[in-house]
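Biologist: Please take a close look at one part of this structure, the disulfide, and then set the aromatic rings beside that part.

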Amino acid sequence: MKGTRVLVATAIFGAGALLSSCHDSSGSATTPGSSSGSFKMLVYTRTGGFRHASIPTAIQTIRDLGAANHFGVDATEDPTAFTDANLAQYDVVAFVSTTGEILDDTQQAAFERWVQAGGGFVGVHSAADTEYEWPFYATLIGAYFRNHPVLPLGNAGGPGVQPGDFHVEAPDHPAVAHLPTPWTVSDEFYAFRESPRDHVRVLLTIDEDSYIQNPNTSNLPTSPSFPLGETGTMGDHPMSWCHDNSGGRAWYTALGHSEHMYAMPEYRTHLLNGILTAARRVAADCAARPAAP
């Protein structure tokens, strides 16, 4: 959610943390693309715009998943962690509900080199509302946020949190193989500027008829039918995907806005196997399946 969207929502409804560590059981560092069983990941949660209340819960959930599945987790909001020397110890970097501009040019360049050397990227929720002017990141994340619903008003988790039906498109993929179709879950549902389908393997889509898409938080009015902005309807509406990118591998899920998501076994397994996909610790096909012409 961007700052401009907060202004829209308001009209309708009336110091970075230091690096902290939880190292892997071996105490050793790994390099990107390592094939060893244990590994380390960096969870980055810096925000330059809207800040999600679920961030501490997300960090603790990933720490718990790491402790139970033999990988170490460092969490930071300090952009100076993005150097060649520091990133070399990690197999996975996760942008978890980041927003806005969160790395400078030098830090971006170090991250690009790390991905190109085989690093795995995980994006959670508003990682898609991050770094709009960075071409490499645009390709890595797959798609940028456009808007999300603002109705209903009174649900726990904030305006727009509501149930919706998800459909599994890749039943062989470990991040979604455990889910029923449809999988009904309540969260804040993003619409994207465009579908990433031609460049990624889509894992989950959302049934746009199963939830209230409009009005939404868009601040670019384009139609008298939607005075608050453009429609949230995409037609083809992916919500989780993975792909191989410039030597690295990326996995993204739009879910994770609400704190309650991190207590759900289905979501925890989705997140865990997304991390393991990015780390190449599970067999996961991320080859794109472009849409038929």
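Modeller: The disulfide comes first, and the aromatic rings follow.

This is a predicted model, in which local features need pLDDT of at least 70 and side-chain atom pairs count only at pLDDT 80 or more, while totals for chains, interfaces and linings use all residues. Residues are numbered from 1 along each chain as its sequence is written, and side-chain values use heavy atoms, with hydrogens and water left out.

Searching the whole structure gives one disulfide, a term for a pair of cysteine sulfur atoms within 2.5 Å. Cys242 and Cys286 are the partners, with 2.2 Å from S to S. They lie in distant parts of the chain, 44 residues apart: Cys242 is in strand 11 (residues 238-245), and Cys286 is in the segment after helix 6 (265-278). Helices (H or I, at least four residues) and strands (E, at least two) are DSSP runs, numbered from the N terminus. The disulfide is left-handed because the torsion about the S-S bond of Cys242 and Cys286 is about -110 degrees. Both Cys242 and Cys286 are buried, meaning under 20% relative accessible area (1.4 Å probe, protein chains only).

As for the rings, there are 24 aromatic pairs. Rings of Phe, Tyr and Trp (its six-membered ring) pair if their centres lie within 6.5 Å, and planes under 30 degrees apart count as stacked. Phe39 and Phe71 are a stacked pair, 4.9 Å centre to centre with 15 degrees between the planes. Phe39 belongs to strand 2 (residues 39-44) and Phe71 to strand 3 (residues 71-76), 32 residues apart. Phe39 counts as buried at 1% relative accessibility, and Phe71 is buried with a relative accessible area of 4%.

How values were computed
Buried < 20%, exposed > 50% of the residue type's maximum accessible area, 1.4 Å probe, protein only. Phe/Tyr/Trp six-rings, centres within 6.5 Å; stacked < 30°, edge-to-face > 60°.
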